[in-house]
Amino acid sequence: MKQTILIIEDEEDLLELLEYNLQKEGYETLGFLNTKNVEKCLQEEPIDLLIVDRNLPGMEGSEFVKTLREKGFSQAVIFVTAKDSDAHIEEGFLRGGDDYLTKPYNMRELLLRIKAILARTAPYQQKTLSYRDLILDLEAHTLHVNTKEVELTKLEFDLLRTLIENKSSVLSREFLLEHVWKSDDFFQDKTVNVAINRLKGKIDPSKEKEYIKSVWGVGYSLC
């Protein structure tokens, strides 16, 4: 499976050049000219690494990364920017950057830095699953909702994990019984309904976010 790199760069020519070189190296890329819609993309797509310019329209790049870290996003970040003073570099790392490259830069050096960071971070990224502000730690079996830990039973954890792993699909009750309960003989459809309602009550007690929806006559999916 190809690794995916998200790039935020407000100079369109430079963005296209970055995407061209990364795709030539075998990476999938998603390019943005500003930070708008980036968080939504991170919630919906499996992103391995971000390349972020700091001089962006709207929110400054390192400020944006700081907000992502506060919301629990853990993808590696490389700042590629003209802000080259010692104070700027220190600020970039303190706000959540994993590496910092100043413009103008050598493309080969950037590619080597990307390769090194992905080799170091990829095994850890596979230990978590995320959807919107939900972060599942697959090793510790914990859930954080908007950085706050929420206690789940093993069944509830497995149920949420299955929904996130199949977030683009509507899952039938039969599918959930087979893959979460590991049986569809003894348990009934209402077993799934009760478990879904309990899970929804834990991850969204105020009923404002609506993570999970019921599809009449079919089953359940993430919103």
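Let's start with D99 and the company it keeps: leaving out residues up to four places away in sequence, D99 touches V77, I78, F79, F93, R113 and I117. What we have on screen is a predicted model, so please keep that in mind throughout. As for its address, D99 sits in strand β5. Is this aspartate buried or exposed? Its relative accessible area is 14%, and the cut-off for buried is under 20%, so D99 counts as buried.

Staying with β5 for a moment, follow the chain out of that strand, and you come to the loop between β5 (99–102) and α5 (107–125), which is where P104 is placed. Have a look at the peptide bond joining K103 and P104: that one is cis, with omega at about -5°.

K103 also turns up in the surroundings of another aspartate, D53. Some of you will have spotted D53 in the UniProt record, where an unreviewed entry lists D53 under "modified residue: 4-aspartylphosphate". That annotation comes from the record, and annotations of this kind may be inferred rather than shown by experiment. Where does D53 sit? The answer is the loop between β3 (49–52) and α3 (61–70). D53 is buried, and its relative accessible area is just 2%. Which residues does D53 touch, not counting those up to four places away in sequence? The list is I8, E9, D10, G61, V80, T81 and K103.

G61 on that list takes us into α3, where G61 is one of the buried residues, together with S62, F64, V65, T67 and L68. What do the buried residues of α3 pack against? Their partners are β1 (4–8), α2 (38–44), β3 and β4 (76–81). Just past the end of α3, there is G72, whose phi is positive at about 100°.

The same unreviewed UniProt entry type gives us a domain label too: residues 4–118 are listed as "domain: Response regulatory". In this model, that span is 44% helix and 21% strand, and its end C-alpha atoms lie 10 Å apart.

Now let's move further along the chain, to α6, residues 154–165. This helix has 12 residues and reaches 16 Å from its first C-alpha to its last, close to the 16 Å expected at 1.5 Å a residue. Which of its residues are buried? In α6 they are E156, F157, D158, L159, L160, T162, L163 and I164, so if you are browsing the helix on screen, you can pick out both E156 and D158 on that buried list.

Next, a couple of backbone details. N146 has phi near 55°, which is a positive value in a residue other than glycine. You'll find N146 in the loop between β8 (142–145) and β9 (148–150). N146 is partly exposed, at a relative accessible area of 40%. K207 also has a positive phi, about 60°, and K207 is not a glycine either. Its place is the loop between α8 (189–203) and β11 (212–215). Buried or exposed for K207? Exposed, with a relative accessible area of 71%.

β11 brings us to K213, which is found in that strand. K213 is partly exposed, at 41% relative accessible area. Leaving aside neighbours within four places in sequence, K213 is in contact with G219, Y220, S221, L222 and C223. Looking back along the chain, K213 and I203 are 10 residues apart in sequence and 13 Å apart in space, C-alpha to C-alpha.

Let me zoom out to finish. The protein's secondary structure comes to eight helices and 12 strands. Its C-alpha atoms fill a box of roughly 65 × 35 × 30 Å along the principal axes. Of the 223 residues, 44% are buried. Among contacts with a separation of 6 or more, 57% are between residues 24 or more positions apart. The accessible surface is about 12200 Å², and carbon and sulfur atoms account for 49% of that. On charge, there are 30 positive and 40 negative side chains, and the centres of the two sets lie 4 Å apart.

Note on methods
Residues numbered from 1 in each chain as written. Predicted model: local features only at pLDDT ≥ 70, side-chain atom pairs only at ≥ 80, totals over all residues. Heavy atoms only, no water. Helix = DSSP H or I, 4+ residues; strand = E, 2+ residues; numbered from the N terminus. Buried < 20%, exposed > 50% of the residue type's maximum accessible area, 1.4 Å probe, protein only. Contact = heavy atoms within 4.5 Å. Areas by Shrake-Rupley, 256 points an atom, 1.4 Å probe, with all protein chains shown as cover. Lys, Arg positive; Asp, Glu negative; His and termini not counted. Charge placed at Lys NZ, Arg CZ, Asp CG, Glu CD. Expected span 1.5 Å × (residues − 1).
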